[in-house]
Amino acid sequence: MKEQILYEDNHLLVINKKVGQLVQGDKTGDEPLLDSIKNFIKVRDNKPGNVFLGLVHRIDRPTSGLVIYAKTSKALSRLTQMVKNREIKKTYWAVVAKEMISQSQRLVHYLKKNEKNNKAIVFTKVTDDAKESILTYNIIKTLDNYLLLEIDLETGRHHQIRAQLSKIGVPIKGDLKYGSPRSNPDGGINLHARKLEFIHPVTKEDITITAPVPQNDAIWRACED
């Protein structure tokens, strides 16, 4: 756990989540990071009582990268509001197949969540109950068989990046749910929450945090070279 913590002070903690780790509890019953971090802090700081830790935002289980947790209720309420107001800039990296797509593009779609199969349905026009979903991608590296995209999110919808990239014909490597032909050995997908930029909710400092990519994946390592 110690090496996964990239930033920590009295108010918040930012972790570099590994593929497969749960951000919060679900029906699988597997221990979520929220509980793992609480236990880690309790032992590390020799705390006698319960450790307060609040989840500010989520990323999918097969995704890696940055997740913010709040260590005080004040920080949690402020950070939650900042997420709603889109005051936390999130940059993602995604590895996709080498296809003929524009060098840079702003994608606007309308997403509706299918609860039965836990999947986002993508529409190109305004549709009842579908939420506007916007991202901008840039191709920042070309590998032998893949492209590395850097993605700026304007909205934060369920499976947004996965669904929107699939819609334009470039599903994320390993993402069987959205059309990738093969799974990854670790069961994850090549989507990484790379960078967070925001103003600290208490100290008002400018915070920028960048997460190293998973080192057990040769394609990821090639992206960072």
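**Close-ups of cavities, a pocket, a core and a loop**

**View 1. The largest cavity has a volume of about 50 Å³.** This is a predicted model, so to speak only of what it shows: local features need pLDDT of at least 70, side-chain atom pairs count only at pLDDT 80 or more, and totals for chains, interfaces and linings use all residues. Residues are numbered from 1 along each chain as its sequence is written, and side-chain values use heavy atoms, with hydrogens and water left out. Look for V19, N184, D186, G188, I189, N190, P214, N216, D217 and W220 around this cavity (on a 1 Å grid over the protein atoms alone, points where a 1.4 Å probe fits but cannot get out; lining residues have an atom within 4 Å of a point). That lining splits into 4 nonpolar, 4 polar and 2 charged residues.

**View 2. The second largest cavity comes in at about 40 Å³.** H57, L66, K90, T91, Y92, A193, R194, K195 and L196 make up its lining. Strands β5 and β10 (191-199) each give two or more of these residues (strands are DSSP runs of E, at least two residues; helices are runs of H or I, at least four). With 4 residues, β10 gives the most.

**View 3. The largest pocket holds about 1500 Å³ of space.** A pocket is an open set of grid points with protein on both sides within 12 Å along at least five of seven lines. It has 44 lining residues, and R58, D60, R157, H158 and H159 sit closest to its centre. Helices α2 (73-84) and α3 (160-167) are among the elements that supply at least two lining residues each, and so are strands β5 (89-97), β6 (104-114) and β9 (146-153). Sort the lining by type and you get 13 nonpolar, 11 polar and 20 charged residues.

**View 4. Meet the largest nonpolar core, with 47 residues.** Its members are buried (under 20% relative accessible area, 1.4 Å probe, protein chains only) and joined through side-chain atoms within 4.5 Å. Y69, L79, L149, I151, L165 and F198 touch the most other members. Strand β4 (residues 64-70) brings the largest share, 5 residues. Another core, of 8 residues, lies apart from it and includes W93, V95, V213 and W220.

**View 5. T72 sits in the loop between β4 and α2.** Is T72 buried or exposed? Neither: T72 is partly exposed (that is, from 20% to 50%), at 24% relative accessible area. Skipping residues up to four places away in sequence, T72 touches N10, H11 and F52 (heavy atoms within 4.5 Å). K125 is 53 residues away along the chain, and the C-alpha atoms of T72 and K125 are separated by 41 Å.

Terms used
Points joined across faces, edges and corners; volume = space filled by probe spheres on them. Nonpolar A, V, L, I, M, F, W, Y, C, P; charged D, E, K, R; others polar.
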